[in-house]
Amino acid sequence: QVQLVESGGGLVQAGGSLRLSCAASGSIFRINVMGWYRQAPGKPRELVATITSDGTTNYADSVKGRFTISRGNAKHTVYLQMNSLRPEDTAVYYCNALVVTLTTTLFNAWGQGTQVTVSS
């Protein structure tokens, strides 16, 4: 029904920056919220940042002041600008979208994940 495709992960040194991108496609009437989550080895998946359709943002305390979430000019895209990266930011980052589909059902979509590795 809905597909999310992420890009932009990679390997970076501590203090560096990366920008993640996510594009949603499929049976989309409206996207209420888009966000990024991450999962480090042996740990549960955790929220990183979200942005609503009216632009309201929410961040995990651990990334406030370093990460910025934004919606793109292209429809149904979201970005995560990550600055001052730390080794503890190493994880698989997942894009998420809460979608109202064309059949007016609510669908919680996930991307396949992109690896971010920060070396010390």
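A salt bridge is a side-chain nitrogen of Lys or Arg within 4 Å of a carboxyl oxygen of Asp or Glu. In the structure shown here, which is a predicted model, the side chains of D89 and R38 meet this criterion, with a distance of 3.0 Å from N to O. The two residues belong to distant parts of the chain, since D89 lies in the loop between β8 and β9 whereas R38 lies in strand β4 (residues 30-39), and 51 residues separate them. Before this pair is taken up again, the overall architecture of the protein is described.

The secondary structure consists of 0 helices and 11 strands, and the elements accordingly follow one another from the N terminus as β-β-β-β-β-β-β-β-β-β-β. For a chain of 120 residues, a compact globule would be expected to have a radius of gyration near 14 Å, and the value found for the protein, 14 Å, agrees with this expectation. Along the principal axes, the C-alpha atoms fill a box of roughly 50 × 25 × 20 Å. Of the 120 residues, 44% count as buried, and the accessible surface comes to about 6200 Å², of which carbon and sulfur atoms contribute 51%. When contacts between residues at least 6 apart in sequence are considered, 55% of them join residues that are at least 24 apart.

One part of this architecture is an open sheet of 4 strands, arranged in the order β1-β3-β8-β7 with antiparallel pairing. Strands β1 and β7 stand at the edges and have a single partner strand each, so that one side of each is left without a neighbour in the sheet. On average, and with direction ignored, neighbouring strands of this sheet are turned by 15 degrees against each other. In general, the strands of a sheet pair through backbone hydrogen bonds, in either a parallel or an antiparallel manner.

The pairings within the sheet can be followed strand by strand. Strand β1 (residues 2-7) pairs with β3 in the antiparallel sense over 6 bridges, and one of the positions in this pairing is S7, whose bridge partner in β3 is S21. Residue S21 in turn has Y79 as its bridge partner in β8. The pairing of strand β3 (residues 18-26) with β8 is likewise described by 6 bridges in the antiparallel sense, and within it L20 stands opposite L80. On the other side of β8, strand β7 (residues 67-71) is joined to it by 5 bridges, and these two strands run antiparallel. Here F67 has M82 as its bridge partner, while R71 stands opposite V78. Strands β7 and β8 form a hairpin with 5 residues between them, and in the turn H76 has a positive phi of about 65 degrees.

Strand β8 (residues 77-82) has 5 of its 6 residues buried, so it is largely enclosed by the rest of the structure. Residue T77, which is found in this strand, has a relative accessibility of 11% and therefore counts as buried, the cut-off being under 20% relative accessible area. Residues up to four places away in sequence not being counted, T77 touches C22, A23, M34, S70, R71 and G72.

The loop that lies between β8 and β9 (91-100) contains D89, which is buried, with a relative accessible area of 0%. Apart from neighbours within four places in sequence, D89 is in contact with R38, R66, F67, S84, V116 and V118. In the case of V118, the two residues are 29 residues apart in sequence, yet 6.7 Å apart in space from C-alpha to C-alpha.

Two of the residues touched by D89, R38 and R66, are arginines that also form salt bridges with it. Both members of the pair of D89 and R38 are buried, the relative accessibility of R38 being 6%. In the salt bridge between D89 and R66, the closest N and O atoms are 2.8 Å apart. This second pair also links distant parts of the chain, because R66 is located in the loop between β6 (57-59) and β7, 23 residues from D89. Residue R66 is buried, with a relative accessible area of 8%.

A further salt bridge connects the side chains of R38 and E46, at 2.7 Å from N to O. In this pair E46 is partly exposed, with a relative accessible area of 36%, whereas R38 counts as buried. Taken together, R38, E46, R66 and D89 are linked in a network of salt bridges, and the count of salt bridges comes to 4.

Conventions:
Residues are numbered from 1 along each chain as its sequence is written. This is a predicted model: local features need pLDDT of at least 70, side-chain atom pairs count only at pLDDT 80 or more; totals for chains, interfaces and linings use all residues. Side-chain values use heavy atoms; hydrogens and water are left out. Buried means under 20% relative accessible area, exposed over 50%, partly exposed in between (1.4 Å probe, protein chains only). Two strands pair if DSSP finds at least two bridges between them. Contact means heavy atoms within 4.5 Å. Axes are lines fitted to C-alpha atoms, for helices over the stretch in contact, and angles run from 0 to 180 degrees between N-to-C directions. The radius of gyration is taken over C-alpha atoms; the globule rule is 2.2 Å times the number of residues to the power 0.38. Accessible areas come from the Shrake-Rupley method with a 1.4 Å probe; for residues, only the protein chains shown count as cover.
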